[in-house]
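Let's walk through this structure together, one piece at a time. Keep the 3D view open and turn it as you read.

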Amino acid sequence: MFVTLPEFEYHRPQTVSAALDLLDQYGGGATVMAGGTDLLVDMRYRIRVPEHVIDLKGIEELGKLTFQPGEGLVIGATVTLNRLLEYDAVQSRFGALHDALEDMCDDQVRNRATLAGNLCTASPAADCAPPLLVFDAKVEVASPAGRRMVDLPDLFTGVKETSLGTDEMVTAVHVPEPPPDVQSRYLKGKRSSEDCAIVGVAALVARWDDPRDRVVRLAYSSVAPTPVRVYDVERIFRQDKPWGDLVEEAVSAALNRVSPISDVRSSKEYRVHLIDVLTRLALRELLGGRR
Ligand SMILES: Cc1cc2nc3c(=O)[nH]c(=O)nc-3n(C[C@H](O)[C@H](O)[C@H](O)COP(=O)(O)OP(=O)(O)OC[C@H]3O[C@@H](n4cnc5c(N)ncnc54)[C@H](O)[C@@H]3O)c2cc1C
């Protein structure tokens, strides 16, 4: 085990364009850092050894956090998990995201760690990913060529791999305003209070009473090389069938879509069991007496 960090040059730009200039200048030898709670651990273990670290926390623009009715949430790339956890609109309208934030890391880590960093790490176990997948989030990406919006599923390309180029960085995460009667939850199976997910399930339900108009979405962490949304369940829940039949079909669709493995946190078999149990539990909690 290495006790110290490898040597690197530290940069603290004050604007997005200055950060992009540094990325352009140093190419693959540079990496951006938000809270550093993933990056510095990887550097200490020599999993990543960048020559240049570009700290984004000095860039004022990236600290914005807003909610506008009709537009939704805009979460700047340096907004910490604790700031988000305390934000009224997250508590009142984005329940699954609030659940995930409450149940991840510890208070000290949440004071540094960011939502953008959680997504850009692209861990299969990233807790913020399933809630943001069910809320149809997009990431705003900047490069010397300009800015573009990327649908969240297209950010994740593999275990700890993203579609971002070496000259690109995420500037914000955009989450559209959900329908007024939306309810959502994130449930996390884990070994201890500060552990990563064995399985995480985000569920969202809106307009339940009319089957043709019904919206039900499910997304998972720790069940495949990337966080996944199971689009098949959306069609399943638009059928006019008894609740029990719909849930059986949804659990089967989820199990068909995922590819869980055995690792230090769980066996593959236990993950399959948790996908089944947590999916049923999340839907039951959301629908209560309405079904
Ligand atoms: C004790 C501990 C407990 C933890 N518990 C959990 C947990 O329960 N659940 C969980 O999901 N995670 C957990 N984590 C992991 C980590 O805290 C989170 O993933 C956190 O949100 C990462 O955010 P950060 O700002 O610190 O990212 P950083 O470490 O700064 O960056 C992470 C990666 O993203 C890249 N990056 C960061 N910002 C950008 C950007 N704007 N554009 C492009 N690339 C970017 C970096 O280059 C790096 O590769 C834990 C970590 C620790 C140390």
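Start at E9: its bridge partner in β3 is H52. This is a predicted model, so please read every feature here as computed from that prediction. Strands β1 and β3 run parallel and are joined by three bridges. On to V32, whose bridge partner in β3 is I54. Here β2 and β3 (residues 52-55) pair in the parallel sense, over four bridges.

Put those pairings together and you have an open sheet of three strands, in the order β1-β3-β2, with parallel pairing. Its edge strands are β1 (9-11) and β2, each of which pairs on one side only. Ignoring direction, neighbouring strands in this sheet are turned by 25° against each other on average. Now look for helix α1 (residues 16-26), which packs on the sheet and touches β1, β2 and β3. The direction of α1 makes about 165° with that of β3. While you have a sheet in view, a general point may help: side chains in a regular strand alternate between the two faces of the sheet.

Next comes the ligand. Which residues are closest to it? They are A34, G35, G117, N118 and C120, out of 31 residues that surround the ligand. Several elements give two or more residues to this shell: β2 (30-33), α2 (39-44), α6 (107-112), α7 (115-121) and β10 (169-175). You have already met β2 as an edge strand of the three-stranded sheet. Which element gives the most to the shell? That is α7, with five residues. Sorted by class, the shell around the ligand has 19 nonpolar, eight polar and four charged residues.

Further along the chain, there is another open sheet to find. This one has four strands in the order β11-β12-β13-β14, and the pairing is antiparallel. At its edges are β11 (183-189) and β14 (228-229), each pairing on one side only. Between β12 (residues 199-206) and β13 (residues 215-221) there are seven bridges, in the antiparallel sense. If you would like one position to click on, try V201, whose bridge partner in β13 is Y220. Helix α5 (residues 95-102) lies across β11 and β12, and it runs at about 25° to β11.

Our last stop is a pair of helices. Helix α11 (residues 243-257) packs with helix α12 (residues 268-287) at an angle of about 140°, and their axes are 10 Å apart. Because of that angle, α11 is oblique to α12. Is the crossing of α11 and α12 left-handed or right-handed? It is right-handed. From α11, the contact is made by V247, A250, V251, A254 and L255. On the α12 side, V272, I275, D276, T279, R280 and L283 take part. By class, this contact of α11 with α12 has eight nonpolar, one polar and two charged residues.

Notes: Residues numbered from 1 in each chain as written. Predicted model: local features only at pLDDT ≥ 70, side-chain atom pairs only at ≥ 80, totals over all residues. Axes fitted to C-alpha atoms, helices over the stretch in contact; angles between N-to-C directions. Parallel < 35°, antiparallel > 145°, perpendicular 65-115°, else oblique. Left-handed = near helix turned anticlockwise from the far one by under 90°. Contact = placed C-beta atoms within 7 Å. Nonpolar A, V, L, I, M, F, W, Y, C, P; charged D, E, K, R; others polar. Pairing = 2+ DSSP bridges. Near = placed C-beta within 6 Å.
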